[in-house]
Amino acid sequence: MKHSRRGTLSALSAALCATLAFAAASHSHWDRIPDKDHLRVNPLAAHPEAAAAGALVFRDHCAQCHKADARGDGHKRPSLHNENLRAATDGDVEWFLRQGDLAHGMPSWSSLPSEQRWQLVAYLKSIQ
Ligand code: HEC
């Protein structure tokens, strides 16, 4: 009796661990964005030229990895025409550019002037 109860407990805790591991693995950087960033609207939204300006910033800083057409290198550097970017708010994208994902090879762009980050957001949204 004692034994089987311990068996059940360890089966339960194994299941719990598996669930937690799955939850951790399925978390992407788009899942942990603070609300105040998530809700932010592009301050350049009323400026149609922002996307074109963003394309120039992209050429200078991003194309080396994501390629001139933003379709990525087919390996670790992803295409930026994708479901994440379609689903993301302007604020989500700006937040991600500030954070980067150094562990996976995406630099942080927090040192760019914030206007250039928002131009990039306008550009990335315009190519979806
Ligand atoms: C040194 C190479 C490199 C440079 C330069 C770079 N990136 Fe990235 N970027 C990456 C990698 C690698 C990833 C994938 C990171 C990951 O898996 O989390 C990524 C991911 C992203 C994503 C998330 C894509 C998604 O679907 O989750 C965005 C958006 C992005 N980059 C935009 C940019 C922009 C805009 C610039 C220029 C300011 C830039 N990147 C410059 C390597 C780079």
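Q: Helices are DSSP runs of H or I with at least four residues, and strands are runs of E with at least two. From the N terminus on, how do the elements of the protein chain run?
A: This is a predicted model. Its protein chain has 7 helices and 0 strands. From the N terminus on, the order is therefore written with helix symbols alone: α-α-α-α-α-α-α.

Q: What share of the residues of the protein chain counts as buried?
A: A residue is buried if 20 or more other C-beta atoms lie within 10 Å of its own. The protein chain has 128 residues. The share of them that counts as buried is 19%.

Q: Among contacts between residues at least 6 apart in sequence, what share joins residues at least 24 apart?
A: Two residues are in contact if their C-beta atoms lie within 7 Å. Take the contacts in the protein chain between residues at least 6 apart in sequence. The share that joins residues at least 24 apart is 66%.

Q: Which elements give two or more residues to the shell around the ligand?
A: The ligand is surrounded by 24 residues, and the closest are Cys62, Cys65, His104, Gly105 and Met106. Two or more shell residues come from each of these elements: α3 (50–61), α4 (63–66), α5 (83–87) and α6 (90–99).

Q: How many residues of the shell around the ligand are nonpolar?
A: Sort the shell by residue type. Charged residues number 3 and polar ones 8. The nonpolar residues number 13.

Q: Are α6 and α7 roughly parallel or oblique to each other?
A: The axes of α6 and α7 (residues 114–126) come within 9 Å and cross at roughly 125 degrees. Angles of 65 to 115 degrees count as roughly perpendicular, and those over 145 as roughly antiparallel. The two helices fit neither class, so their arrangement is oblique.

Q: How many residues of the contact of α6 with α7 are charged?
A: On the α6 side, the contact holds Asp90, Val93, Glu94, Leu97 and Arg98. They meet Arg117, Trp118, Leu120, Val121, Leu124 and Lys125 in α7. Of these residues, 6 are nonpolar and none is polar. The charged ones number 5.

Q: Is Ala70 buried or partly exposed?
A: Ala70 lies in the loop between α4 and α5. Its phi is positive, near 60 degrees. Within 10 Å there are 19 other C-beta atoms, and buried needs 20 or more. Ala70 is therefore partly exposed.

Q: What is the phi of Lys67?
A: Most residues other than glycine have a negative phi. Lys67 sits in the loop between α4 and α5. Lys67 is not a glycine, yet its phi is positive, at about 75 degrees.

Methods. Residues numbered from 1 in each chain as written. Predicted model: local features only at pLDDT ≥ 70, side-chain atom pairs only at ≥ 80, totals over all residues. Near = placed C-beta within 6 Å. Nonpolar A, V, L, I, M, F, W, Y, C, P; charged D, E, K, R; others polar. Axes fitted to C-alpha atoms, helices over the stretch in contact; angles between N-to-C directions. Parallel < 35°, antiparallel > 145°, perpendicular 65-115°, else oblique. Buried ≥ 20, exposed ≤ 12 C-beta atoms within 10 Å, placed from the backbone.
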